[in-house]
Amino acid sequence: MMAGAGSATVSGAGTPVAGPAGRDIFAEGLLEFLRPAVQQLDSHVHAVRESQVELREQIDNLATELCRINEDQKVALDLDPYVKKLLNARRRVVLVNNILQNAQERLRRLNHSVAKETARRRAMLDSGVYPPGSPSK
């Protein structure tokens, strides 16, 4: 919780914590608050990607079956437009899957960077060493 326009935060006991320690506590709390949502989003994206792979396989099977039916028919049925529509739908599914895959990878890298920075700051706090130019405890 931010107090006023300064950079002081308030601890669980209501005591203001100023400076980098307060920002680190706030950042860590925010990270812990967001972590379940990020993990849930990641699992949902993973589930969508799996279902899209299954959908792509089904579209491929259906397109193959339509081509086989078209070849086996004595009556001239023009199934080519339907096959083209299926292939177009497959292309769109692959495109969306690639977009989801890229977004999931960016999310993974961001999560890794935040965890790395949190660990670095926690180590700095534990050791009592601060980078030059930062306020001390």
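Reader: Why is the meeting of the Arg122 and Glu28 side chains called a salt bridge?

Author: A salt bridge needs a side-chain nitrogen of Lys or Arg within 4 Å of a carboxyl oxygen of Asp or Glu. In this pair the N to O distance is 2.8 Å, so the pair passes that cut-off. Side chains of opposite charge can pair when their charged atoms come close. Please keep in mind that this is a predicted model, where local features need pLDDT of at least 70 and side-chain atom pairs count only at pLDDT 80 or more, while totals for chains, interfaces and linings use all residues. Residues are numbered from 1 along each chain as its sequence is written, and side-chain values use heavy atoms, with hydrogens and water left out.

Reader: What makes Arg122 and Glu28 a link between distant parts of the chain?

Author: Arg122 sits in helix H2 and Glu28 in helix H1, and 94 residues separate them. A helix here is a DSSP run of H or I with at least four residues, a strand is a run of E with at least two, and both are numbered from the N terminus.

Reader: How do you know whether Arg122 is buried or exposed?

Author: Good one! Buried means under 20% relative accessible area, exposed means over 50%, and partly exposed is in between (1.4 Å probe, protein chains only). Arg122 has 39%, so it counts as partly exposed. Its partner Glu28, at 31%, is partly exposed as well.

Reader: How many salt bridges are there in the whole structure?

Author: The search finds nine. One of them joins Arg109 to Glu105, with the closest N and O atoms 3.8 Å apart. Both residues belong to helix H2 and are four residues apart, about one turn of the helix. Arg109, at 43%, is partly exposed, and so is Glu105, at 31%.

Reader: And what makes Glu117 and Arg121 about one helical turn apart?

Author: Being four residues apart in helix H2 gives them that separation. They form a salt bridge too, their closest N and O atoms being 2.8 Å apart. Glu117 has a relative accessible area of 29%, so it is partly exposed. Arg121 also has 29% and falls in the partly exposed class. Elsewhere, salt bridges that share partners join Glu65, Arg68 and Asp72 into one network.

Reader: How do you know that the span of helix H2 agrees with its number of residues?

Author: The expected span is 1.5 Å times one less than the number of residues. With 48 residues (80-127), H2 should span 70 Å, and its end C-alpha atoms are 70 Å apart, so the two agree. Just after H2, Gly128 takes a positive phi of about 80°.

Reader: Why is Val83 in helix H2 called buried?

Author: Its relative accessibility is 9%, so it meets the buried limit. Val83 touches Ala63, Leu66 and Cys67, leaving out residues up to four places away in sequence; contact means heavy atoms within 4.5 Å.

Reader: Which class does Thr118 of H2 fall into?

Author: Thr118 has 16%, so it counts as buried. Apart from its neighbours within four places in sequence, Thr118 is in contact with Glu28 and Leu31.

Reader: What about Gln52: is it buried or exposed?

Author: At 12%, Gln52 counts as buried. Gln52 lies in helix H1 (residues 19-72) and touches Val93, Val96, Asn97 and Leu100, not counting residues up to four places away in sequence.

Reader: Which residues make the nonpolar surface patch?

Author: Phe26, Leu30, Phe33 and Leu34 make it, over about 410 Å². Patch residues have over 30% relative accessible area and no salt bridge; like charges are joined within 9 Å, and nonpolar side chains (Val, Leu, Ile, Met, Phe, Trp, Tyr) within 5 Å. Leu34 has 40%, so it is partly exposed and passes the 30% limit for a patch.

Reader: Last one: what pattern does the protein follow along the sequence?

Author: The pattern is β-β-α-α, which comes to two helices and two strands. Buried residues make up 17% of the 137 residues.

Technical notes: Areas by Shrake-Rupley, 256 points an atom, 1.4 Å probe, with all protein chains shown as cover.
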